Structure formats: C-alpha cells, structure tokens
Amino acid sequence: MTDHVDGILAQWHRERPDLDVSPMAVIGRLSRAAVAVDARLARNFAAHGLDRASFDVLATLLRNGPPHRLTPAALAADSMITSSAVAQRLNRLEARGLVARAPNPEDGRGSLVTLTPAGKAAVEETLPDHLATEEELLADLSPAERTVLADLLARLLRSAGAG
C-alpha cells in the first residue's frame with residue numbers, strides 16, 4: 001500500500017539518487033499524522049466549546065489533583081502549551097469562569113491558578129469524548145503495535161530534545 005509520502009520519496013529518488021531520503025519516510029508521515037490527529041481532536045474540543053490549549057490547561061489542573069491549583073509557570077511546564085501562551089489562555093479561561101487566579105501567598109509577584117467547578121465540569125465532560133476520538137484514531141493498531149509506537153515516539157522525542 002502506498003501513500004502520498006511514497007510519491008514524494010519516489011520523486012526525490014529520481015531527482016537526487018545520490019541522497020538518502022529515507023528520513024523523509026518517517027518525518028513526513030509523522031508530520032502528516034500530526035496534522036490529521038490535530039484536526040480530529042480540534043473538532044472534538046470545539047464540540048465542547050474548547051480548543052486544545054484550553055483543554056490542556058484544564059486537564060493539567062484536574063490531573064494534578066486537589067486542590068487543582070498550580071502556578072502559571074507550573075502549568076506551562078506540565079501542559080502542552082508554551083509558556084508565552086499561558087497568560088493569554090488563562091485570561092480567556094478566567095473570563096469564562098473555568099479558572100480563577102489569586103495572589104500566590106508564597107510569591108508576592110506570582111499567582112495561583114485554580115480550576116473552578118465549571119472548569120472541572122468542562123474537562124470531565126470533554127475527556128470521555130477526547131479518549132474515544134483518540135481510540136478511533138488508533139483503531140487500526142493492535143495493543144502491541146500501540147506499545148511499540150509509543151516507545152518509538154518516546155525515543156524520537158528524546159533524540160529531538162523534547163523528551
């Protein structure tokens with residue numbers, strides 16, 4: 001079975017037979033898979049009135065356990081959004097009543113972000129559909145293949161410095 005990446009590789013083999021373009025087989029498919037996965041997850045988040053970054057912030061607060069409170073820096077480090085996006089994301093979530101910010105008693109310059117009951121309800125309502133979407137995306141892989149793929153991706157992330 002061939003795909004779009006196979007066509008690209010064939011073109012490169014024809015134009016530059018002197019180069020080993022095999023890394024493109026992995027990176028090209030990984031990039032295309034990431035775009036497709038992101039699009040599917042975005043539709044699910046949108047159906048719940050969220051986007052990926054908002055879900056990640058809410059989920060990070062929830063999975064850290066009671067009192068569901070972190071500093072913005074800890075949120076950035078523990079979620080899947082960049083530190084530069086945290087303040088903007090928190091402003092939107094706070095305006096919607098999904099998180100609350102208060103001064104950090106241990107750091108007079110900082111704040112603490114707390115998941116509100118509405119934020120907890122939003123993430124708990126979204127999570128089952130999110131997991132179902134991820135399950136659909138992985139449906140063609142056996143449990144053993146999923147384990148191997150997860151291990152390989154973890155190694156790739158480490159080698160890319162993002163582990």
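# Notebook: two threonines and the chain around them

**Entry 1, Thr 114.** I began with a side-chain pair: Thr 114 and Arg 69 are joined by a polar contact of 3.0 Å. A reminder to myself that I am working on a predicted model.

Where does Thr 114 sit? I found Thr 114 in strand E3, which covers residues 107-115. Next I asked myself whether Thr 114 is buried or exposed. Its relative accessibility is 18%, and buried means under 20%, so Thr 114 counts as buried.

I then listed what Thr 114 touches, leaving out residues up to four places away in sequence. Arg 69 turned up again, along with Pro 67 and His 68. Leu 61 is on the list too, and so are Leu 98, Val 99 and Ala 100.

**Entry 2, Thr 60.** My second threonine belongs to helix H3, residues 52-63. I looked up its relative accessibility and got 1%, so Thr 60 counts as buried.

Which backbone oxygen does the side chain of Thr 60 reach? I traced the polar contact to Asp 56, with a distance of 2.6 Å to that oxygen.

For the other contacts I set aside neighbours within four places in sequence. That left me with Leu 70, Leu 75, Asp 78 and Ser 79 as the residues in contact with Thr 60.

**Entry 3, the whole chain.** Time to step back from the threonines. I counted 7 helices and 3 strands. Reading along the sequence, I wrote the pattern down as α-α-α-β-α-α-β-β-α-α. I also checked how spread out the chain is: its radius of gyration is 20 Å, while the globule rule gives 15 Å for 163 residues, so the chain is more spread out than a compact globule. The C-alpha trace fits with my note, spanning about 65 × 30 × 30 Å along its principal axes.

How much of the chain is buried? I noted 27% of the 163 residues. Thr 114 and Thr 60 both count as buried.

For contacts with a separation of 6 or more, I looked up the share between residues 24 or more positions apart, and it came to 49%.

**Entry 4, surface and charge.** The chain exposes about 10,500 Å², and I noted that carbon and sulfur atoms supply 59% of that area. Last came the charges: I have 18 positive and 21 negative side chains on my list. The centres of these two sets lie 4 Å apart.

Definitions and conventions:
Residues numbered from 1 in each chain as written. Predicted model: local features only at pLDDT ≥ 70, side-chain atom pairs only at ≥ 80, totals over all residues. Heavy atoms only, no water. Helix = DSSP H or I, 4+ residues; strand = E, 2+ residues; numbered from the N terminus. Rg over C-alpha atoms; globule rule 2.2 N^0.38 Å. Buried < 20%, exposed > 50% of the residue type's maximum accessible area, 1.4 Å probe, protein only. Contact = heavy atoms within 4.5 Å. Areas by Shrake-Rupley, 256 points an atom, 1.4 Å probe, with all protein chains shown as cover. Lys, Arg positive; Asp, Glu negative; His and termini not counted. Charge placed at Lys NZ, Arg CZ, Asp CG, Glu CD. Polar contact = N/O pair within 3.5 Å; in protein donor to acceptor, adjacent residues only side chain to side chain.
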